[in-house]
Every structure is written in C-alpha cells, then in structure tokens.
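The following exercises concern the architecture of a protein model with more than one chain. Please work through each task with the structure in view before reading its solution.

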Amino acid sequence: MAAPLALLLIVAVTIRAALFRTSLANLISERVEVVSPLNAWKRVVEGLALLDLDISPYSGDVFHETPMVIYLFHFLMDYAEITFMLADCLTAVALYLAVKDYNKQVFRKQKFALEADRIPMDCLELIRSPTEMYYIPLKVAMFYLLNPFTIVSCVAKCTCGLNNAVIALFILSTMRGSALLSAIFLALATYQSIYPLTLCVPALLYLLQRLYIPVNVRRSSFWFYTLQYLFMFLGSLLVLICLSFFLLGSWDFLPAVYGFILSVPDLTPNIGLFWYFFAEMFDHFRLFFLCVFQINVFFYTLPLSIKLKEHPVFLIFMQIALIAIFKSYPTVGDLSLYMAFLPVWNHLYRFLRNIFLVSCVLLACSALFPVLWHLWIYAGSANSNFYYAITLLFSVAQVPVCLSPSLLSSRESSSKTALFTHSLLF
Amino acid sequence: IANSYNRPTLIQLQNTREEEEEQQTTAQQEEQTKRWEATELEEEHVHDAAVPPLAGDPPAADPPSPPPSKDDFQEELVIRPLHSGDIYASFQFRTVWDADFMGDQKVSHYRLFPKSLGQVITKFSVRELHISFTQGYWRTMQWGQPYLPSPPGAELWVWFQDTVTDVDGTWKELTNVLSGIFCASLNFIDSTNTVQPSASFKPLGIGNVTDHSFLRYATLPREIVCTENLTPWKKLLPCGSKAGLSVLLKSEKLFHSTFHSQAVHVRPVCQDPQCRTTSMELRQTLNVVFDLHTSGQGKREWSLFKMFSRTLTEACPLASSSKVYVDVTDNPQGEQFELSPATPLLTQAVVLGDRRTYSVYDLTQQASFGSSRSLNMLLRWKMLRPLLHSERYVAGYGLQAGEIHTLIYNHHPYRAFPVLLLSAVPWYLRLYIHTLTVSSKGKDNRPSYIHYQPSKDRERPHLLEMLLQLPPNSVTEVTVEFERALLKWTEYTPDPNHGFYVGSSVISALVPSVVAMDTNSTLDRPLFSSFFPCKEEASYFMRVYTEPLLVNLPTPDFSMPYNVICLTCTVVAVGYGSLYNLLTRTFQVDEPSPGLAKRIANVIRRFRGVPLL
C-alpha cells in the first residue's frame, strides 16, 4: 500500500513544482478565491519586510498571520515552496493513516454486527467489502493531493495549507488515541485560526468512545477524562500564546489576528458570505449581524454532538465543512480539506440527493469566479453583484455536499435501510 | 494706385546687400540650415509664360485640353500668433482669368473662375464687386491690424461700368441675386441703407473712375454669418472643400472662434507690367481668430489639428501655388518656441508698415508632408528646465492592484543632491512596502533612510518618508505596489466612480546654488526671498509637490443593500434549515399504510362482522 501512496506523492509534488516554475503561479497568487487577507503569501512577505524595517508587523493592517508563522518563514523564507509542498504531502499522509485506522474500526464493528446477525436483509448492500475499504485511504489522499483547489492553493503559497496540515495531524493523533498530541495539534489549529475550537468536542467524544467511557454526566471517569483533555488543550493554547508574546514582546497580535478574524474589517471579495454582506450592511446593524454570522459557526457544535455522539468522525467532517462555509475569510484551500473526506462515505452516495446538480453547480461556479471577476474588476462591464451572485450560489451548493451524507431519508430507500444506516454505518 | 496694389507684396531680400548683412549678424547658424524663398519675380515670369506648371501634381490634375484663355489659381494661408495669445489665420484664394468681361463678346467657357459669379458680373456689368460677411469685431487694440479689414455683419460695395444706365435698378437686382448666391439677407439692402461715397471707396482694380454715381455701398450690421454662408462661399473655389487648404474650412471649428470674416473681391487687374490687357481677379479671403486659451486648456501651443480639426494632406491640384506662412518674427533665434515640422524656407514681407519674417511651407512639394503624408504644423513653446521637478502617476489596470510611480528629475549637470520624499497614502490603498523599489539611471538606488508607518483601516493612512540621493542629470523612479480595498457602501463619496484622491507627495531638497546665497537673516530682505531660512551659502531649500493622484476603487452596488441582506440571510437560513432538519428528524420503521379501496372494504367488513383484509 505504500507504493501507490509514494507514487501519488511524487505526482502531486511534480505538478506543484512544475506550476511553481510557470507564470501561472503569479496569476494564481493574486486570485481572491485562492488567497484571503488572512493567509496571502504577499502579506507574509510584507510582514517579514516590516520586521526587517524594525516595525511591528501588527502595527499596520496588512499582516494578520500569527507570530509563529512569521518566525517559521523568517527561517524558511528561501524554502517556502518546499515548505508548502511538504505541508500538502504531510496532510495527505496524515489523512491516509487516519482513515486507515478509522476503517479498521468500522470493519470490526461491521463484523460484530454480521456475527450477531443484526443486519436486516435489505441492508446487505450497504456492507462494505474489505477490497472497497482497502482503497479508501488512498482515495482520500488522492482527493486531497490532486484536488485542483489544493493545487492552486499550494501554488499560491496560501498559508491555509499549513492549517490543513495541522488539522490533519490532529485528526491522525485523535484516531491513534493520543490525547496529548491531539490536544496540542488542536491548540495549534485554534491558535492559527480560532474556528477549529469546535473540533474539541468530537475529538473528546472519539477519545471517550475509544476508551469505552460512556458519555454520562453522573460518571466521574467521564468528567475526569474531559477535564484532563480540556486542560491539555487550554494549556498548550496558553503556552502558544505566551510564546508568541515573548517572541514579539507585545500583545498586538491578539487584535490583529483574532480581532481581524472576528470583526471582519477587510471586505476584500472572497468565496464566502461575509464580504458583500458587510459592505452593504447598515452601520447600526453591523455588530448584531456580525455576532449572528460568527455564532453560526459555533452554534451547531453542541446539538450536532448530541445527535451524532455515536459518530464522532462524521462530526469532525461536518464541523470542518461548516467552518469552511461559514468562516469569515474562506478560501478554496479550506474546501479541499473536507472534500478529501468524501470517499470515506462513498457507500452512502446512493442516498445523496441532487448530487449531480450540486457537483455541476460547484464546477460551474469555480469556472465563473475568474470570469465574473474579470468582468467586474478589469473589463468594467459587470458590477459587483455578478461576483456576489456566484459566491452565493457556491455557498448554497456546499451545504448539501456536507449535509447530504447525513440526510439519508431519500424516498427510494426504505425507511428500514435508513434507520439501519444511520445507526450503524457512519 | 491699382498697379502698385497689384504688385506682389512680398519683397525679396536675397540679393540686397543690407539683408545679407542682417543675416550675417543675426542668424549665422540658421543660414546653413535655412534658405530664403526664391524670388517672386521668377514666379511672375512663370505665370506669364504659359499654362502654370503644376509641380509635383499628379498628371490627372492637368487640364485635359489647353483652355482658350489663361487662368491661374493660387492659395495661401497665413498664421500669425497674436500678442493676446490668440491665433490669427488668414486664407486667400486668388483666381486670375485673362478674359474680358467688360467687352462685348460673351464669355461662356469657364474653367477655374466660378460660373455663377462670372454670369452675374456679365449680366449686371459690374466693374468691381466687394462683399464681406463678418461675425465678431476685430479688436485692433489687442490684435493689431488684420490683413483684410471688414466691418461686423455684411458689407457690399460695387462699382458698375459706365455703360449702366439705371444704376439703382441694377443695384437692387444685383443685391437680390447675390442674396441668393451667398444665402445671405442681402435683399434687405434698399435705398434706406445704400449710400454713394464720394471719396472713400475708390476702385481697387485698374481704371481711374471718378464718377461716384456708379458706386453703391451698403452694410447690414445685423447679418449673422454662419455655415449657410460658408458653404456657397466654398463652392466658388476650384477645388471646393475637397483638396488643398480649403479642407481646413470646417464650420464646426471656424465658427467656434472669436472672429470670423469671409469675403469675395472681384476686380479687373493688369495682365502684364505694361498693362496692355486686363484680366479679372477673384480673391476669396477668410480670416479667423481662434481663442485657443479657452478651448485649449490655457495653453499657447497650437497646431493645425487643434484649430481646424483637420490636417493638410495635399495641395489643390489646380493651384499653381499653394503655401502656408507662419509668422515667426517674434522668434528670431528659435529660443522662444519651435515649429514642427521644421521648414528651411523663410521669407520676409513688408505688410502694414511692418517687416515681418515668415516660415514657408510649400504644399506643392511632396517633401512638406513628410513620411506621414499629412502636414500638421504645431508650435511648441520652449520649456524652462528647473533643477528639480517631479511627476507621479498610477500604473496598472483593473481595480484590484496598481503601482504608484514617482519620478524625481535632477537636471543639475554635475551635482548630486539629497532629497526627502514624503508620501501619505490613504488606508484604502494598501501599500506593500516590500515592493518598494528606487532606481536611478537603471541602477538600484537604496534610500539611506526610510520611515514607514503602515496604515490602520479607518484609523490612519500610510506614511512613507525616505531620504534619496539624486545622481546628477538623472531621473530617479520610486515605485510601490498597492492593493485597492472594497469599502463599506457608506464610506464611498457621493460620486464613487469619480475616484478617490491621494494627496501630493512632498519633496524637500537642498539644491546646490550657482550664486552664493545670503545667509544673513538679520538683513532686511524682500518678503518673497526670506521665507525659507537659509543656512548655507552653497545651496538653497526647495519644496516640490507632485500631482495628486486620482484612483478608482471597486464599488459595490449601492442600490441594493436590502437585496444583499435578504439573499445572504437566505443562504444562511438554508444552512440552518438543513442542519435543523438533520437534528430534529427521527427515523422509525413504519408499516406501509393500506390503500383507499382496502380501507373502505375493511369498513364494510367491520359492519358485516367478517374478518378484516
């Protein structure tokens, strides 16, 4: 199994290295769909230039990376391309190993169910064969590495590739049951961009499930483990933030990074919902809608955890997707991470509604982004509404992609099948 | 009088001793490059000899058969910059025909001479006819004398031949006919505004008539001159408005002027110096004064295209001579302004008691048109070259990113000096300081001091200050890239597509001085020389402001905030709805419900007491 993965990595690196050498790299690195004010490489370079001029990079409103990133690239400036390619490979390998682990568990569960004869006859088609499951990790890695979104994001040197790597490592360490590493990587991801905070709950659920500790508020072992995990998570987060403080000698980065993410002052167009909404918002409602939109990301965590407490991996997937849709400065790199998980649920595709329509919409939107951008910004023959309409459609199309695997009540399948699938096969 | 008037007004200077002296004293260098025009007498000789040879004309323009009587056509344009800054352009078109209108034989074969006018002259036995249409008043105090004066409105004066018996009746008929020819209200001329001057209006052609009963003079001061008068006037020209100088006569520009006058003069002239036979001369003149100050953004530069919105491409093929004269008297050494294309031909003429120098363009020579096959004379005033000046502009296209270029010129031939450059750029143009490049003479020129303060959104602008060393005689280019921000819709000005202004950059410099500066501040000095304190003798302080920039930003659609709020909230609601659906839906196994027929059958069976289906 290592050989195909190695081949895949070589192909992916070759594509990226070739694109770095072409003039496309410059073109891509200025696309607003690929880079956002938060993670554009141009702004990282600007931050380093400011640091060279003895000016705090956070004194202006151009640089919004965390201090760790700026110190990372302070040393890796000349190896930036390699760093980003490595980050992509790391993500793919981590996802590959994580999904492999997860599949082992699913397979074990399936075997127990079969032996206990709990599976109704009309659900047999949902049972996955070992061959099928064998290829799923490779498919996941392939979905991540060869996804055009990941490739353009890497070629643009968008730092969301690094965030994806951290999240992938977090998933891997969670699957392996290493609570400490999981908490550290989660803290790192949260430190980079607040939103992965919501992944704390599914990780905890998974780790509890793995240790056979029931989720029960009356049980002391549950509380003990939860507090232990939260302590590790918050502790490492605190360490990271204090480290940043000692690196820079000031707390300037807190408003410049987290304030910037939460208050959305930069309305540069992107594929998300925020920019045009807040450009057109009436000033006295701005704070209210800002709260509504930001809470939207965190709001679903608790009910989803209650509903899907038996399926924490699926919950992780849903949370990542929700973050990608509802975060304030989304880029296509964020999309590529949750899209990589789609092969894991490929046995449920038959229950997806409108999957053809949704894929077509996503493809058409991806093609229309540059076209309408050109018409608005360069040709002047269209206005901002054209681009806005496409971002809107893109967001609408993403909702079923992340939710459909869970909405299995398609009319074709009998309700018995749905019940069974829902309870068992996530 | 008539003979002397008819003589060429241009006086040739080539062979006279005094002019040679003048050339030697004034224009030693010009002499090698410029030459004086050939003698006019030779041209006269050519006229007398035979059919005018049309040098450089295509063969198609030659007359198909030699006409029975000789005729000749000349065209000429004089451009004179006036002291007020206006430009005076004077066209003259002269047709001379060796035909005897006054004799008994009927003239019926017309070539260059307009038939409509010839027939009128014959029918009404006109000896001389002078008609002018003028819009505006010639301001002699500001403009000096025109070559051909005329009163505002319409003026008509006619000398009839002594064979005419009923002069008043013929006059009345003539005015009506001319009214038709020139589309003017000359039919309003009647006995109430006609006079017979006794001394002022002598005939300008040959013939020493003293009986002023054959003279009639009338003016219509109210006459408005416009396109409908110009078109028939142009129709009298042999080339119409198709070729030659007359292509410049487009009404949209001619009537957009301070003064416009067009005239037709018909008179008999001598054919040869001995005046044995007479010919008929038709002079059509058009004088126009352009106010290029108001229409040309206050610049004194002019060009043919700016004045007439046309350029010259060829001479009229029927013309024996076609020339453009530009008055360059005020520019003897060429230090005031320059004419382009330059012409080596110069001529001098005494006109109105003043000797003036003219550059001559001969349109019959193909060389005058150059390689572009079109002649657009333009005059540029020589620029002053200050030691330090600067330019600034925005480069790039589209509304996403751009580049600010600042060019700083050091015109000092051998001294380098430092300057301080300060730019304050608003926050909505996000500068990238790592893209800052400074180069002079193609080499990187590192600023020795940079102070940069990045902007804060909606709080403070960018501040960039640097100390640059300007090499002698060089251009230093400072470029920095920026990105345009999308603002909230309430942050735009009421006219957002006009663009946003970026204030001037400030360049402060200590410029090396040629003369020693006065450093004694206690001395009583004039106010204008004592504003900037002077610390050293060898240099003086100077401040230069660049142009402000006008930058366009991308704009949202201002008309639809409600639509955007509704649509975006709908998408969020779709997401919320889907999740709510997922969270609240429960799954349970349910038996399929029986059909309607079965249910009815079961009701009946229940009544009957039979087991249900």
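**Exercise 1. A five-stranded sheet and the helix on it**

Strand S19 (residues 429-440) of chain B and S20(B) are joined as an antiparallel pair by two bridges. The model is a predicted one.

Task: Determine in which order the five strands of this open sheet of chain B are arranged, and which strands form its edges.

Solution.

Step 1. Begin with the pair S19(B) and S20(B), where Ser439(B) has Asp444(B) of S20(B) as its bridge partner.

Step 2. Turn to the other neighbour of S19(B): eight bridges link S19(B) to S23(B), again in the antiparallel sense. Here Ser439(B) stands opposite Glu477(B) of S23(B).

Step 3. Continue from S23(B) to strand S17 (residues 401-410) of chain B; these two strands run antiparallel and are joined by 10 bridges. Within this pairing, Thr406(B) has Val478(B) of S23(B) as its bridge partner.

Step 4. Assemble the order, which is S16-S17-S23-S19-S20 in chain B, with antiparallel pairing. The edges are strand S16 (388-395) and strand S20 (443-444) of chain B, each of which pairs on one side only.

Step 5. Add the helix: helix H3 (residues 41-52) of chain A packs on this sheet and touches S19 and strand S23 (474-484) of chain B. The direction of H3 of chain A makes about 65° with that of S19(B).

Task: Decide whether S23(B) is largely enclosed or largely open.

Solution. Count the buried residues, a residue being buried when its relative accessible area is under 20%. Eight of the 11 residues of S23(B) are buried, so the strand is largely enclosed by the rest of the structure.

**Exercise 2. A three-stranded sheet**

Task: State which strands are the edges of the open sheet of three strands in chain B.

Solution.

Step 1. Take S10(B) and strand S15 (residues 378-381) of chain B, which pair over two bridges in the antiparallel sense. Trp302(B) stands opposite Leu379(B) in S15(B).

Step 2. Write the full order, S10-S15-S12 in chain B, with antiparallel pairing. Strand S10 (302-303) and strand S12 (337-340) of chain B are the edges, each pairing on one side only.

**Exercise 3. Two helices of chain B**

Task: Classify the relative direction of H5(B) and H7(B).

Solution.

Step 1. Read the geometry: the axes of helix H5 (residues 115-123) and helix H7 (residues 167-182) of chain B come within 11 Å and cross at roughly 180°.

Step 2. Apply the cut-off: angles over 145 degrees count as roughly antiparallel. H5(B) and H7(B) are therefore roughly antiparallel to each other.

Step 3. Identify the contact residues. H5(B) contributes Ser116(B), Leu117(B), Val120(B) and Lys123(B), while H7(B) contributes Glu173(B), Leu174(B), Val177(B), Ile181(B) and Phe182(B).

**Exercise 4. Chain A**

Task: Describe the secondary structure and burial of chain A, and examine two of its annotated spans.

Solution.

Step 1. Chain A has 20 helices and zero strands. Of its 426 residues, 60% count as buried.

Step 2. Chain A exposes about 17,100 Å², of which carbon and sulfur atoms supply 71%.

Step 3. An unreviewed UniProt entry places the feature "transmembrane region" at several spans of chain A, including residues 143-172 and 229-251. Residues 143-172 of chain A are 80% helix and 0% strand, with end C-alpha atoms 17 Å apart. For residues 229-251 of chain A, the values are 87% helix and 0% strand, and the end C-alpha atoms lie 27 Å apart.

Terms used: Residues are numbered from 1 along each chain as its sequence is written. Chains are lettered from A and ligands numbered from 1 in the order in which they are written. This is a predicted model: local features need pLDDT of at least 70, side-chain atom pairs count only at pLDDT 80 or more; totals for chains, interfaces and linings use all residues. Side-chain values use heavy atoms; hydrogens and water are left out. Two strands pair if DSSP finds at least two bridges between them. Helices (H or I, at least four residues) and strands (E, at least two) are DSSP runs, numbered from the N terminus. Contact means heavy atoms within 4.5 Å. Axes are lines fitted to C-alpha atoms, for helices over the stretch in contact, and angles run from 0 to 180 degrees between N-to-C directions. Buried means under 20% relative accessible area, exposed over 50%, partly exposed in between (1.4 Å probe, protein chains only). Accessible areas come from the Shrake-Rupley method with a 1.4 Å probe; for residues, only the protein chains shown count as cover. UniProt positions are given in the numbering used here, feature names are shortened, and annotations may be inferred rather than shown by experiment. Angles under 35 degrees count as roughly parallel, over 145 as roughly antiparallel, 65 to 115 as roughly perpendicular and the rest as oblique.
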